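Biologist: I should like a close look at a single residue in this model, together with whatever surroundings help to place it. Please answer in one connected account.

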Amino acid sequence: MMGRTHLALGAVAGVQLAAQTPGLGLPIMAAALFGAILPDVDTPYSKLGRRLWPLSRLVLQVFGHRGGTHSAAFVLLATALMWLVSPPVALALGAGILTHLAADAISYGHGTRFTARGAGVPLLWPLSDRKTGLRLVKVNGALENLVILPWMALYAAQIGWALI
Ligand SMILES: [Zn+2]
């Protein structure tokens, strides 16, 4: 899916976790939002990839788009590294990444510069490159932009508003 939809999904995860961890709301929210777009550091055309383009070009060369950064191993590695800093923030980072993988697992693209080709994510990478997923939502299509994005953004805002 597009970066804005990933951010809305990450916001939903972030506000849920922030609601349960008073005092750490901001870092938890930031970690969930960052996690939600982190897997797309594997393409220089993503929100994060544009800002980190020397790194994103390298990751794209090595793993390909929707490669290793879209796997369970990546979720575990990123969460474990952040765990050394702060366990609650690590859980938010992991949750954010999971929302990204779930969204990409049910979306498909036509392989333009901005969207992945085909559907699914390689959950079992590096054991297998086989992609797992369903062709339910077209990347940047009407369902994503007119239903999922506004619905998730409003849902996150509603929960977030209650926290303030
Ligand atoms: Zn992705």
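Where does tryptophan 161 lie?

Modeller: The model is a predicted one. Tryptophan 161 lies in helix 7, which spans residues 142-163. The residue counts as exposed because 9 C-beta neighbours fall inside 10 Å, and the class of exposed residues takes in those with 12 or fewer. From glycine 109, tryptophan 161 is 52 residues away in sequence, and the two C-alpha atoms are 34 Å apart in space.

The chain approaches helix 7 through a loop that begins after strand 3, and asparagine 140 is placed in that loop. Asparagine 140 has a phi near 65°, a positive value in a residue other than glycine. Most residues other than glycine have a negative phi. With 17 other C-beta atoms within 10 Å, asparagine 140 is partly exposed.

Strand 3 itself covers residues 137-138, and lysine 138 has its place there. Lysine 138 also counts as partly exposed, since 17 C-beta neighbours are found inside 10 Å. Leaving aside residues up to four places away in sequence, lysine 138 touches Tyr108, Leu143 and Glu144. Between lysine 138 and alanine 18, 120 residues apart along the chain, the C-alpha atoms are separated by 31 Å. Further back, the loop between strand 2 (117-119) and strand 3 holds proline 126. A cis peptide bond, with omega about 5°, joins tryptophan 125 to proline 126. In general, most peptide bonds are trans.

Although tryptophan 161 is exposed, its helix takes part in the nonpolar interior. The largest nonpolar core has 40 residues, and those with the most contacts inside it include Val12, Leu17, Ile28 and Ile97. Helix 7 supplies at least two residues of this core, as does each of helix 1, helix 2 (25-37), helix 4 (53-63), helix 5 (72-83) and helix 6. Leucine 17 shows how parts of this core come together: beyond residues up to four places away in sequence, it touches Ile28, Ala32, Leu91, Ala92 and Ala95.

Three of these partners of leucine 17, namely Leu91, Ala92 and Ala95, also belong to the contact between helix 1 and helix 6. Helix 1 (residues 3-20) and helix 6 (residues 87-105) pack at about 140°, with their axes 9 Å apart, and the crossing is right-handed. On the side of helix 1 the contact is made by Thr5, His6, Leu9, Gly10, Ala13, Gly14 and Leu17, while helix 6 contributes Leu91, Ala92, Ala95, Gly96, Thr99, His100 and Ala103. By class, this contact comprises seven nonpolar and seven polar residues, with no charged ones.

An unreviewed UniProt entry places the feature "transmembrane region" at residues 72-98. In the model this stretch is 89% helix and 0% strand, and its end C-alpha atoms are 8 Å apart.

Arginine 66, in the loop between helix 4 and helix 5, contrasts with tryptophan 161 in its surroundings. Arginine 66 is buried because 27 other C-beta atoms lie within 10 Å, whereas tryptophan 161 counts as exposed. The phi of arginine 66 is near 55°, again a positive value in a residue other than glycine.

Terms used: Residues are numbered from 1 along each chain as its sequence is written. This is a predicted model: local features need pLDDT of at least 70, side-chain atom pairs count only at pLDDT 80 or more; totals for chains, interfaces and linings use all residues. Axes are lines fitted to C-alpha atoms, for helices over the stretch in contact, and angles run from 0 to 180 degrees between N-to-C directions. Helices (H or I, at least four residues) and strands (E, at least two) are DSSP runs, numbered from the N terminus. A crossing is left-handed if the near helix is turned anticlockwise from the far one by less than a right angle, and right-handed if clockwise. Two residues are in contact if their C-beta atoms, placed from the backbone, lie within 7 Å. Ala, Val, Leu, Ile, Met, Phe, Trp, Tyr, Cys and Pro count as nonpolar, Asp, Glu, Lys and Arg as charged, and the others, Gly among them, as polar. UniProt positions are given in the numbering used here, feature names are shortened, and annotations may be inferred rather than shown by experiment. A residue is buried if 20 or more other C-beta atoms lie within 10 Å of its own, exposed if 12 or fewer, and partly exposed in between; C-beta atoms are placed from the backbone. A nonpolar core is a set of buried Ala, Val, Leu, Ile, Met, Phe, Trp, Tyr and Cys residues joined through C-beta atoms within 7 Å.
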